[in-house]
Amino acid sequence: MKLSLKDALRKRRLVCDGAMGTQLMLAGLEQGNCGEHWNLTHPERVLAIQRRYVEAGTDCLITNTFGGSRLMLKRHGHADELKAINRAAVRIAREAFGEREGYVLGDIGPLGAILEPYGDLSASDAQAALEEQAAALVEAGADAIIIETQTSLEELGIGIAAARKAGAPCVIGSLAYDLSADRTFFVTMMGVFPDKAAQFVEENGGDVIALNCGTGMDMIGAAKVARVYRESCQLPTMVQPNAGLPVLEGGKAVYKQAPAEMAAGVPEVIKAGANIIGSCCGSTPDHTRAIRQVVEEFNRRA
């Protein structure tokens with residue numbers, strides 16, 4: 001019988017998958033189109049991407065639902081297909097594991113608007129959107145809900161509450177941090193520091209405190225934030241840094257860190273206490289494979 005994700009984290013370090021957006025574009029998704037809708041129109045392409053991550057050794061697959069809330073899907077004219085899109089995403093990820101034991105993390109990304117009073121999105125509208133998506137993912141059988149790329153505690157808190165209300169077996173709160181101009185600290189776009197984030201997620205019923213993406217968030221930066229997390233709360237930690245620091249090419253940010261170079265930083269995040277190690281922008285199944293090798297060696301020695 002498969003252990004719950006929370007129980008598995010007490011026994012060993014786990015590996016999570018890498019970037020989905022860039023992989024979808026490589027598979028033919030046009031810039032600006034709705035990748036989440038591919039769960040219905042091109043499920044075989046989404047499945048092929050996630051199977052490559054499974055073959056690379058991931059323990060956790062994040063569903064293709066980053067923009068799967070009603071507010072985000074409405075922009076593409078697919079709001080009425082919300083339940084079908086989210087349920088299909090969980091099914092595809094589960095199928096990608098095949099006979100292998102693995103954990104499906106139902107992905108909830110930002111709502112794409114700033115909450116009142118700083119923006120136009122009301123707390124009640126945000127709550128309704130997050131509760132609806134969380135319910136669809138949990139009903140489809142997700143092993144956990146990950147509320148990721150968050151920059152404000154207000155939206156993150158509503159997301160955690162929504163996942164709890166839906167009955168999620170495990171709730172992960174993940175924030176996106178930017179490296180300060182003088183390269184001495186990390187903070188979110190809305191001014192949230194890692195120590196406050198860790199305390200907030202723990203106090204509001206989250207099960208795992210995480211980080212993903214952000215400007216300047218590479219594996220070494222992830223280790224620094226993970227260390228602060230460990231010092232600030234008792235929760236397991238998860239890191240999904242980018243494949244190095246971006247360089248500008250043709251006005252676009254490009255991530256060029258090779259898999260081996262990225263994996264060289266994994267011992268540092270393990271030393272910092274990370275329980276789940278994945279990757280974000282610019283990463284591929286090859287990066288996951290390199291991370292897996294390091295984590296597997298650690299698990300054998302532990």
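**Exercises on a predicted model**

I92 is a residue of helix α6. The model in which it is examined is predicted. Each exercise below states a task and then solves it in steps.

**Exercise on a buried contact**

Task: Determine whether I92 is buried or exposed, and state which residues I92 touches beyond four places in sequence.

Solution.
- Step one: take the cut-off, under which a residue is buried below 20% relative accessible area.
- Step two: apply this cut-off to I92, whose relative accessibility is 4%, so I92 counts as buried.
- Step three: list the partners, which are N39, P43, V46, L47 and Q50 once residues up to four places away are set aside.
- Step four: take one partner, V46, and compare sequence with space; I92 and V46 are 46 residues apart in sequence, while their C-alpha atoms are 7.4 Å apart.

**Exercise on a tryptophan**

Task: Locate W38 among the helices, and decide whether W38 is buried or exposed.

Solution.
- Step one: W38 belongs to helix α3, which covers residues 38-41.
- Step two: the relative accessibility of W38 is 8%, and W38 is therefore counted as buried.
- Step three: the contacts of W38, again without residues up to four places away in sequence, are L24, A27, G28, L29, P43, R45 and V46.
- Step four: a further pair is W38 and I85, which stand 47 residues apart along the chain with 8.3 Å between their C-alpha atoms.
- Step five: V46 appears among the contacts of W38, and V46 is also touched by I92.

**Exercise on helix length**

Task: Check what span helix α7 should have, and compare this span with the distance between its end C-alpha atoms.

Solution.
- Step one: α7 runs over residues 123-139 and has 17 residues, so at 1.5 Å a residue it should span 24 Å.
- Step two: the end C-alpha atoms of α7 are 24 Å apart, in agreement with this expectation.
- Step three: repeat the check on α10, residues 219-232; its 14 residues reach 20 Å from first C-alpha to last, close to the expected 20 Å.

**Exercise on the sides of a helix**

Task: Name the buried residues of α7, and state which elements they pack against.

Solution.
- Step one: recall that an α-helix has 3.6 residues a turn, so that residues three or four places apart point the same way.
- Step two: the buried residues of α7 are A126, A129, L130, Q133, A134, A136, L137 and V138.
- Step three: these buried residues pack against α5 (70-74), α6 (82-97), β3 (103-108), β4 (144-150) and α8 (153-166).
- Step four: for α10, the buried residues are M219, G221, A222, A223, V225, A226, Y229 and S232.

**Exercise on backbone geometry**

Task: State which peptide bond is cis, from E116 or from another residue, and describe the phi angles of T149 and R183.

Solution.
- Step one: begin from the usual case, in which most residues other than glycine have a negative phi and most peptide bonds are trans.
- Step two: the peptide bond from E116 to P117 is cis, with omega near 10 degrees; P117 sits in the loop between β3 and α7.
- Step three: T149 is not glycine, yet its phi is positive, near 55 degrees. T149 is part of strand β4, and it counts as buried at 18% relative accessibility.
- Step four: R183 likewise has a positive phi, near 60 degrees. Its place is the loop between β6 (178-179) and β7 (186-187), where R183 is exposed at a relative accessible area of 56%.
- Step five: a glycine completes the set, since G141, just after α7, has a positive phi of about 105 degrees.

**Exercise on the whole chain**

Task: Judge how compact the chain is for its 302 residues.

Solution.
- Step one: count the elements; the chain has 13 helices and 12 strands.
- Step two: the radius of gyration is 18 Å and the globule rule gives 19 Å for 302 residues; the two are close, so the chain is as compact as a globular protein of that length.
- Step three: the C-alpha atoms fill a box of roughly 50 × 50 × 45 Å along the principal axes.
- Step four: of the 302 residues, 55% are buried.
- Step five: consider contacts between residues at least 6 apart in sequence; 76% of them join residues at least 24 apart.
- Step six: turn to the surface, where the chain exposes about 13000 Å², with carbon and sulfur atoms supplying 52% of this area.

Key:
Residues numbered from 1 in each chain as written. Predicted model: local features only at pLDDT ≥ 70, side-chain atom pairs only at ≥ 80, totals over all residues. Heavy atoms only, no water. Helix = DSSP H or I, 4+ residues; strand = E, 2+ residues; numbered from the N terminus. Rg over C-alpha atoms; globule rule 2.2 N^0.38 Å. Buried < 20%, exposed > 50% of the residue type's maximum accessible area, 1.4 Å probe, protein only. Contact = heavy atoms within 4.5 Å. Areas by Shrake-Rupley, 256 points an atom, 1.4 Å probe, with all protein chains shown as cover. Expected span 1.5 Å × (residues − 1).
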